[in-house]
Structures are given as C-alpha cells and as structure tokens.
Amino acid sequence: MGRGNLLEIIFLGAGGGRWETIYQNKGTGGFRVHTEKTKLHIDPGPGSLVRMKDLNINPFDTNILFVSHCHPDHYTDAEVIVEAMTLGMTKKRGYIVSNISVLEGFGKYERAISKYHQSKSKEVHILNPRESINILDVKLMGTKTKHGDPFGIGLRINTDYGDIGYTGDTERIDSLSEDFNGVRIFVANVIGGANKRIRGHLCSNDLIDVINDMGEKPELLIINHMGLKMTNIKGECEYISQNSGVKTIAAKIGLKILLNRDSYNILYL
Ligand SMILES: [Zn+2]
C-alpha cells in the first residue's frame with residue numbers, strides 16, 4: 001500500500017437486537033472497512049443500502065462480504081450486497097466469508113444467502129473460530145462467540161495498518177481478551193449499559209472486563225450494536241473509558257475512522 005493511503009472504517013448503523021432493529025433509531029447497516037484493495041462490508045442488516053445511498057458510498061465498490069451469524073440484524077441485506085458485488089449478478093466477483101448457519105443453514109436457522117447468490121461470488125468461505133484466510137490485502141481470522149447461533153463468529157482483520165477487531169454477537173467468554181489482544185481498533189457489540197446483562201450479549205461491564213484482561217489494550221474502542229434501551233450513550237462511553245483506560249466512542253451512522261500507521265482521526269459524515 002502506497003504512502004499517504006489510509007484505512008477507513010465507516011459505520012452504517014450502531015444499533016442491534018430485535019427492538020432497535022424494528023425502530024431503526026440507531027440503524028443496523030453494519031460497517032465497512034476500506035483499504036487500498038479491500039472494500040469489506042460487515043454484517044449488512046436492514047437499511048445497509050439506504051444508509052450507503054445517504055452517505056454517498058458506492059455499493060458496487062464492495063469485494064468482500066462478511067456475515068458473523070444467522071440473525072436478521074446482521075444478514076438481511078447480504079444478498080443485495082452480493083448483487084452489488086457481482087455487478088448485478090453479471091460477473092463472478094467478490095468473496096463471501098461467513099459461518100455454516102448463514103451459508104448452509106443449521107437446524108432452525110435457514111440459509112441466509114441463497115445458493116444462487118453464493119454461486120455468483122468468486123469464492124465462498126466458511127470461517128470457524130481461530131481459522132484464518134488471506135484475501136486481497138487483508139487476513140481475516142474468525143473469533144469465538146457464545147450466542148444464539150452456535151456457529152457465530154467475530155472477526156480479526158489483519159491489515160498493513162495493524163489489526164481491527166469485531167466481537168460479533170457474544171456474551172462474555174474468556175477467549176475474547178486473547179482473540180482481540182493487541183488490536184488497534186476494537187468494535188464491540190454491546191447491547192446494554194452498565195449491568196444490563198442480556199443472555200448472549202455483552203453489557204458495558206462485560207466489555208470493561210474483556211479489555212482489562214488484555215495484555216495489550218486497543219487504541220480506540222467503538223461500542224456498536226446498542227439496544228433500544230441504551231439511551232445514555234455518552235455516559236456509557238465515559239464509564240467504559242474510565243474503567244478500562246481506553247478511549248471509547250459510540251458507533252453512529254456516518255462515523256468514519258481514518259487510520260494511518262501511528263494515529264487515527266474520528267470524523268462524522
Ligand atoms: Zn445475534
């Protein structure tokens with residue numbers, strides 16, 4: 001990657017859980033990671049395409065789709081992203097990386113990306129925790145979760161600018177501190193505030209514990225996938241920041257992080 005280029009992270013939503021997804025106050029479009037070669041869309045839930053339109057992001061400019069697990073706030077727009085990625089299904093193009101529930105179905109979870117859509121992408125990969133795959137200029141590693149979808153994964157993205165971590169949906173498990181140790185930017189799905197623990201999800205206190213168990217803490221923590229009842233967002237960020245020692249901000253539609261090798265900038269589109 002040439003000098004002067006940056007890695008960009010752009011949020012198309014900050015909400016999650018079924019109530020927030022219905023109300024769409026915070027949005028559920030997932031987020032994007034752009035490097036020189038990689039245009040990665042992570043967890044395109046409801047509204048992804050609409051948010052991209054609003055923020056002037058070209059959906060055709062997508063070459064990797066990642067879906068962490070088989071819940072609609074993470075997958076509803078996945079097939080449309082595949083349609084964009086394949087230039088309207090006219091080219092065999094792009095990579096799909098996800099888990100077995102999303103790609104093949106498992107028990108009550110039906111396949112969330114049709115065989116037809118999968119057949120048009122260049123490669124389809126089932127990623128299990130601790131497995132990794134090199135695509136374009138990034139390495140993607142699956143991380144462990146404990147959530148409704150037993151095959152749910154998080155993601156650690158290794159780039160020329162250091163690592164970006166994404167918890168996916170999970171409750172607190174010991175492996176999180178290890179899987180995300182040393183990431184520069186850590187996106188954590190936190191459905192509830194301090195001690196508002198919901199099974200299968202992190203609350204603010206869980207996240208503080210995860211961070212404090214890391215040998216090397218992140219430079220920046222971004223809380224994401226906030227539930228309907230998470231209303232004092234600024235207060236939660238301050239609480240997490242004070243108790244973890246890591247600068248904490250909240251995801252928001254249009255939040256853009258510009259990351260270079262030794263610093264980052266926070267912008268709002
Ligand atoms: Zn979920």
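This tour moves from the zinc site to the aromatic contacts of a predicted model.

Residues are numbered from 1 along each chain as its sequence is written, and side-chain values use heavy atoms, with hydrogens and water left out. Because the model is predicted, local features need pLDDT of at least 70 and side-chain atom pairs count only at pLDDT 80 or more, whereas totals for chains, interfaces and linings use all residues.

Select the zinc ion, whose protein donors (N, O and S atoms within 2.8 Å of the metal) are His 69 (NE2), His 71 (ND1), His 147 (NE2) and Asp 169 (OD), lying 2.2 to 2.4 Å from it. His 71 lies in the loop between β4 (64-66) and α3 (72-75) and His 147 in the loop between β8 and β9, so this pair ties together parts that are 76 residues apart in sequence. Both His 71 and His 147 are buried (under 20% relative accessible area).

Next, select Phe 106 and Phe 151, one of 4 aromatic pairs in the whole structure (ring centres within 6.5 Å). Their ring centres are 4.8 Å apart and their planes at 85 degrees, so the pair is edge-to-face (planes over 60 degrees apart). Phe 106 is partly exposed (between 20% and 50% relative accessible area), at 39%, and Phe 151 is likewise partly exposed, at 31%.

Move on to Phe 180 and Phe 186, whose ring centres are 4.8 Å apart with planes at 35 degrees, so that pair is tilted (neither under 30 nor over 60 degrees); Phe 180 and Phe 186 are buried.

Finally, select Phe 11, Phe 31 and Tyr 166, which ring pairs link into a cluster.

Note on methods. Rings of Phe, Tyr and Trp (its six-membered ring) pair if their centres lie within 6.5 Å; planes under 30 degrees apart count as stacked, over 60 as edge-to-face and the rest as tilted. Buried means under 20% relative accessible area, exposed over 50%, partly exposed in between (1.4 Å probe, protein chains only). Donors are N, O and S atoms within 2.8 Å of the metal (3.2 Å for Na, K and Ca); water is not among the atoms, so sites may look incomplete. Helices (H or I, at least four residues) and strands (E, at least two) are DSSP runs, numbered from the N terminus.
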